[in-house]
Amino acid sequence: MPRIPIIMPQLGESIAEATIVSITVQPGDTVAGDQDVLEVETNKAVMGVTSPCPGVVEEWLVEVDQSYAVGATLGYLEVTAEDAKRLGLDAPDPEPTTAASAPKSSATAPERSRPTVEPTVRGLPVPASAGGASYMS
């Protein structure tokens, strides 16, 4: 079964972290989608963190009375392949790029870090030798 992370959600616009108040399910417990699995406390309120989909709690990476940042992985949930795909989490880890597997750059196509912009587009005068009228006349 695939495993997906349980992430500390964004709990408010100005909230950067929350403290774990209680863990309501244990590893091995089956949970439903949107079931409260943790209670967290911010400086404004106590609220629940829910499971993203049905599954079995695999492990917790957090401890009660400890604070964790928004976006931190709190634990893992074993889910069906269909649920993992629905959540967009079924992609395999990318292979590390090595010098041997890195794409080769073409010697005929120069790489440009900046787009080419004509002088008039940049607000600069066109040199008289280029056949254009000068704005500095």
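Two strands count as paired when DSSP finds at least two bridges between them. By that rule, β4 and β5 are an antiparallel pair, with five bridges. The model shown in every panel is predicted.

**Figure 1. The whole chain holds eight strands and one helix.** Along the sequence, the elements follow the pattern β-β-β-β-β-β-β-β-α. The chain has 137 residues, and 21% of them count as buried. Its accessible surface is about 9,600 Å². Carbon and sulfur atoms account for 52% of that surface. Take the contacts between residues at least 6 apart in sequence: 57% of them join residues at least 24 apart.

**Figure 2. One open sheet has the strand order β5-β4-β2-β7.** Four strands build this sheet, and their pairing is antiparallel. β5 and β7 (67-69) are the edge strands, each pairing on one side only. From one strand to the next, the twist averages 45°. Strands of a sheet pair through backbone hydrogen bonds, either parallel or antiparallel. Inside this sheet, β2 (residues 17-23) and β4 (residues 36-41) run antiparallel and are joined by four bridges. One place to look is Ser22, whose bridge partner in β4 is Glu39.

**Figure 3. β4 and β5 make a hairpin.** Four residues lie between the two strands. Five bridges hold the antiparallel pairing of β4 with β5. Glu41 stands opposite Val46, a residue of β5.

**Figure 4. Met47 sits in an edge strand, β5.** The strand covers residues 46-50. Is Met47 buried or exposed? Neither label fits: its relative accessibility is 25%, so Met47 counts as partly exposed. The buried class would need a value under 20%. Neighbours within four places in sequence are set aside here; beyond them, Met47 contacts Leu11, Leu38, Glu39, Val40 and Thr42. Glu39 is also the residue that bridges to Ser22. Ala18 is 29 residues from Met47 along the chain, and their C-alpha atoms are 9.8 Å apart.

**Figure 5. Ser51 is a buried residue in a loop.** The loop runs between β5 and β6 (55-60). Ser51 counts as buried because its relative accessibility is 0%. What lies 2.5 Å from a polar atom of the Ser51 side chain? The backbone oxygen of Ala32 does. Apart from neighbours within four places in sequence, Ser51 is in contact with Val31, Ala32, Gly33, Asp34, Gln35, Val37 and Leu77. Among these partners, Val31 belongs to β3 (30-31).

**Figure 6. A second open sheet has the order β1-β8-β6-β3.** Four strands take part, again with antiparallel pairing. The edge strands are β1 and β3, and each has pairing on one side only. At one edge, β3 pairs with β6 in the antiparallel sense over two bridges. Here Val31 stands opposite Gly55 of β6. Four bridges join β6 to β8, and these strands also run antiparallel. Glu59 in this pair stands opposite Tyr76, which lies in β8.

**Figure 7. The largest nonpolar core contains 22 residues.** In soluble globular proteins, nonpolar side chains tend to be buried together. Which residues touch the most other members of this core? They are Met8, Trp60 and Leu74. β1 (3-7), β2, β4, β6 and β8 (73-78) each supply at least two core residues. β4 gives the largest share, three residues.

**Figure 8. Trp60 seen with its contact partners.** Trp60 lies in β6 (55-60). With neighbours within four places in sequence left out, the partners of Trp60 are Ile6, Ile23, Val25, Gln26, Pro27, Val37, Leu38, Leu74 and Gly75. Leu74 is, like Trp60, one of the core residues that touch the most other members. Val37 is also a contact of Ser51, and Leu38 is also a contact of Met47.

Note on methods
Residues numbered from 1 in each chain as written. Predicted model: local features only at pLDDT ≥ 70, side-chain atom pairs only at ≥ 80, totals over all residues. Heavy atoms only, no water. Buried < 20%, exposed > 50% of the residue type's maximum accessible area, 1.4 Å probe, protein only. Contact = heavy atoms within 4.5 Å. Areas by Shrake-Rupley, 256 points an atom, 1.4 Å probe, with all protein chains shown as cover. Axes fitted to C-alpha atoms, helices over the stretch in contact; angles between N-to-C directions. Polar contact = N/O pair within 3.5 Å; in protein donor to acceptor, adjacent residues only side chain to side chain. Core = buried A, V, L, I, M, F, W, Y, C linked by side-chain atoms within 4.5 Å.
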